[in-house]
Amino acid sequence: DTTISRNSADRGGGLFNLASTLNVTASTLYHNSAGIGGAIENQRGFVTISASAISENSSSGNGGAISHIISGTFDIVDSTLTSNLAGDHGGGIFVSLVGGGALTVSDSTLSANTAGGRGGGIFSTRGSYSITGSTVSDNVAHEGGGIYNASFGNMTVTDTTISRNSADRGGGLFNLASTLNVTASTLYHNSAGIGGAIENQRGFV
């Protein structure tokens with residue numbers, strides 16, 4: 001039940017978690033800014049966000065709201081990520097787990113996030129990713145308006161709605177050289193120059 005707002009840093013505008021455990025519950029993170037990870041950056045740590053709102057954060061680089069890198073786990077439950085902005089990749093969430101790890105999003109909403117590069121809602125590379133019972137909508141990016149899954153990522157999307165996202169390629173989802181499983185989900189009203197709902201390049205869908 002805490003508000004974290006209008007903070008700034010080179011990395012992790014609101015919170016920076018390094019090889020530690022962080023639990024954020026029933027809290028609000030907004031209008032924080034950073035070069036990477038506008039609201040939160042996690043490196044090699046274990047983070048749980050529950051019943052919280054993360055909105056209007058920005059990064060000049062990756063992870064408008066969240067940057068989760070190197071290794072570790074990041075769980076988002078019953079939360080919203082809205083109107084966050086990244087200059088590069090991952091308007092809502094940027095994940096690059098070269099050392100292994102996971103991102104889990106459940107019963108949550110990622111909406112109206114924007115990335116100048118890839119992954120308006122989520123950018124993920126390497127690691128394991130699970131999105132369940134969630135909504136990914138109205139996000140914008142150059143590639144992967146809703147979600148961009150790249151380079152040896154393993155993503156499962158279940159019981160999730162992906163809608164009204166837009167991009168030059170892969171309006172809803174862009175899958176590059178990765179594994180993507182979509183089950184019991186709905187993709188509608190997404191738009192792109194190529195691949196309105198999904199674009200797959202050298203991947204397994």
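This short presentation covers one open sheet and three residues of a predicted model.

In this predicted model, local features need pLDDT of at least 70 and side-chain atom pairs count only at pLDDT 80 or more, while totals for chains, interfaces and linings use all residues. Residues are numbered from 1 along each chain as its sequence is written, and side-chain values use heavy atoms, with hydrogens and water left out.

I begin with the sheet. Five strands form an open sheet in the order 2-6-9-12-16, with parallel pairing. Strand 2 (8-11) and strand 16 (114-115) are at the edges with a single partner strand each, so one side of each has no neighbour in the sheet. Strands here are DSSP runs of E of at least two residues, numbered from the N terminus, and two strands pair if DSSP finds at least two bridges between them. Strand 12 (residues 85-86) pairs with strand 16 in the parallel sense over two bridges, and Leu85 stands opposite Thr114 of strand 16.

I turn next to Thr183, which lies in strand 25 (residues 179-183). Its contacts (heavy atoms within 4.5 Å) include Val157, Thr158 and Asp159, leaving aside residues up to four places away in sequence. Asp159 is 24 residues from Thr183 in sequence, yet their C-alpha atoms are 6.5 Å apart.

Finally, two loop residues. Most residues other than glycine have a negative phi. His31, in the loop between strand 5 (28-30) and strand 6 (33-36), has a positive phi near 60 degrees. Ala184, in the loop between strand 25 and strand 26 (186-188), has a positive phi near 50 degrees.

How values were computed. Helix = DSSP H or I, 4+ residues; strand = E, 2+ residues; numbered from the N terminus.
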